[in-house]
Amino acid sequence: MIKILDPGLYSSIQDLGRLNYEHFGVPISGCMDLQSSSLANKLLNNPKESALIESTQIGPKILFKISTIISITGANMTPSINNKLILMNKAINIKKGDILSFNNSKNGLRCYIAINGGIKSDLILGSRSCFKGISQNIKLKKGDVLKINSLKKRLNSSSKMNISYIYDNKKIISVFKGPEFVYLSEKQKHFFYHQKFTISNENNRMAYKLKEKLKNELNSIITSPVLPGTIQLTPGGEIIILMRDCQVTGGYPRIFQLNKSSINLISQKKTNDLIKFKFI
Amino acid sequence: MKEKDINLSFLLYNENSILIGWTKIINESTLKEILIYKNKLSKIKSIQNTINAYNSLLIKYKSEIKSFNEEVKNLKGLYKEKVKTQEIKMSKHWKIPVCYGKKYAPDIYLVSKKLKLSSSEIIKLHSSKKYTLYFIGFLPGFIYLGQLDSKLRIPRKQNPSKIYMAGSIGIADYQTGIYPNDSPGGWNIIGNSPLTYFDPFNKAPCFANSGDTIEFYSINEKEYNQTKHLSNNNLNFIKELND
């Protein structure tokens, strides 16, 4: 097991999410940056649905009460073991008593800490992902003790894995045209084609709001399904990118939909980062 | 034989999903069509999940769609297939106890003033109708019920409230619903139900499904407290009450 000595800014347990319960109004949740989290699990030969820790901006401080193997991917928060810097994107040996710590992120926003075997927290509606009203805890706090699944086959940490993973801080976000894109005027479409957009400080696991607004007279839509990655345009002109914890239906026009890799890219964006849309 | 015209729209929503749209009107016959189709789709192994709202259905596939046009052809074909009567899912009818007393209805004065109705008229209009459960959305277990009597139509609040008590009964536009947990919200609250409507520890976490029907009945404060005590946060209680 592991003990959380300090949760960092905002850390939670996440996995692939709840894929079969949206019709009960249950959001998918799960890791924001699925590319980074998948890599973290792959490096350890963990089953792909293994739960891990997602950390935002400032990473946690963790005491390992077992010897194990871990991997850290995503944003670079200068991870250290017993105050010695360790490599990211690699399987790392941990000895019982080791303390893993982080600093403020240098680029990107979220990092992933995978542990050999995966975190063994409560499985609710098929997932261990934290979500208010579903899981017991919304986020990790100081003093939390987490159990780890034991794996029969131990990974040899010196096993080679070719990772040509370069941290991706692309600004270009690929989008599908949403169901209500057709109602935009030519001038409004032009705005989306050419404008550079700024991430506002209103960003979290539920949604990212952009600073720029677009005045519009679009009608509200009859409540319809939405997905993480759906971009809504509100009557007030706000542009909202729905993310993993978003509600399953919405009444605002859906003008775009991020493709899968774009959701991962947005997950690493911070306040004041710039993005530009590219149409699929 | 003349081919039945399919009056549906198909859109590639993302790499794994297709959104199907029916005509933009909210009514029970459209919902019925959607639910029959949803039931047909539930047998297809390549589909992860389907989510319906008032007049649309989002189909999520387990893998990326190779050819959108091919898949639309398949979906249209499936839509035209005749349905065996045995395959039509039976819907359930639920009776839900509500205490409409002032203590549980923070917005009753607001509603009464705006609609120029007395609170007893509001209660009568709300509790004398059989509602259709269109879908569950917004929050885990939040059921969208329609349609309210035209005399009860009031828009959402301009400024949403920070917190509504679990069990709050809200009305907005042509809809009514129950807030299953303490949460923020924008509908107008006219009562409270003492039962549990959502339990994440239950494999079927919501008590009801799309297509079910619901009616509300009035209880007094004493009955409210008794029922709350008996129900004891158990999702199964409402099922027992309705058996």
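1. Contact is taken here to mean heavy atoms within 4.5 Å, and the structure under discussion is a predicted model. Helix α3 of chain A, residues 260-267, lies across β12, β14, β17, β19 and β20 of that chain, and its direction makes an angle of about 135 degrees with β12(A).

2. The strands in question belong to a barrel in chain A, which seven strands close in the order β12-β19-β16-β17-β14-β13-β20, with mixed pairing. Neighbouring strands of this sheet are turned against each other by 40 degrees on average, direction ignored. Within the barrel, β12(A) (residues 172-177) and β19(A) (residues 254-258) pair in the antiparallel sense over three bridges, and A:Q257 is the bridge partner of A:F176 in β19(A).

3. Helix α2 of chain A, residues 186-194, lies across β13, β14, β17, β19 and β20 of chain A, and runs at about 120 degrees to β20(A).

4. On aromatic contacts, a search of the whole structure gives 31 aromatic pairs over all chains. The rings of A:F191 and A:F192 have centres 5.4 Å apart and planes at 75 degrees, and the pair is therefore edge-to-face; both residues are buried. A:Y193 and A:F279 also form an edge-to-face pair, because their ring planes stand at 90 degrees, with the centres 4.5 Å apart. This second pair links distant parts of the chain, since A:Y193 is in helix α2 and A:F279 in strand β20 of chain A, 86 residues apart. A:Y193, at 31% relative accessibility, counts as partly exposed, and A:F279 counts as partly exposed at 21%.

5. In chain B, strand β7 (residues 143-146) is joined to β6 (residues 131-136) by four bridges, the two strands running antiparallel, and B:L145 is the bridge partner of B:L133. The hairpin of β6(B) and β7(B) has six residues between the strands, and B:F138 takes a positive phi near 65 degrees in it. β7(B) also pairs in the antiparallel sense with β10(B), residues 175-178, over two bridges, where B:T176 is the bridge partner of B:L145.

6. In a regular strand the side chains alternate between the two faces of the sheet. In β7(B), B:I143 and B:L145 point one way and B:Y144 and B:G146 the other, and all are buried.

7. Ring pairs in chain B link a cluster whose members include B:Y134, B:F135, B:F138, B:Y144 and B:W187. As a separate item, B:K92 lies over the face of B:W94, at 4.4 Å from the ring centre.

Conventions
Residues are numbered from 1 along each chain as its sequence is written. Chains are lettered from A and ligands numbered from 1 in the order in which they are written. This is a predicted model: local features need pLDDT of at least 70, side-chain atom pairs count only at pLDDT 80 or more; totals for chains, interfaces and linings use all residues. Side-chain values use heavy atoms; hydrogens and water are left out. Buried means under 20% relative accessible area, exposed over 50%, partly exposed in between (1.4 Å probe, protein chains only). Two strands pair if DSSP finds at least two bridges between them. Axes are lines fitted to C-alpha atoms, for helices over the stretch in contact, and angles run from 0 to 180 degrees between N-to-C directions. Rings of Phe, Tyr and Trp (its six-membered ring) pair if their centres lie within 6.5 Å; planes under 30 degrees apart count as stacked, over 60 as edge-to-face and the rest as tilted. A charge sits over a ring if NZ of Lys or CZ of Arg is within 6 Å of the ring centre and within 35 degrees of the ring normal.
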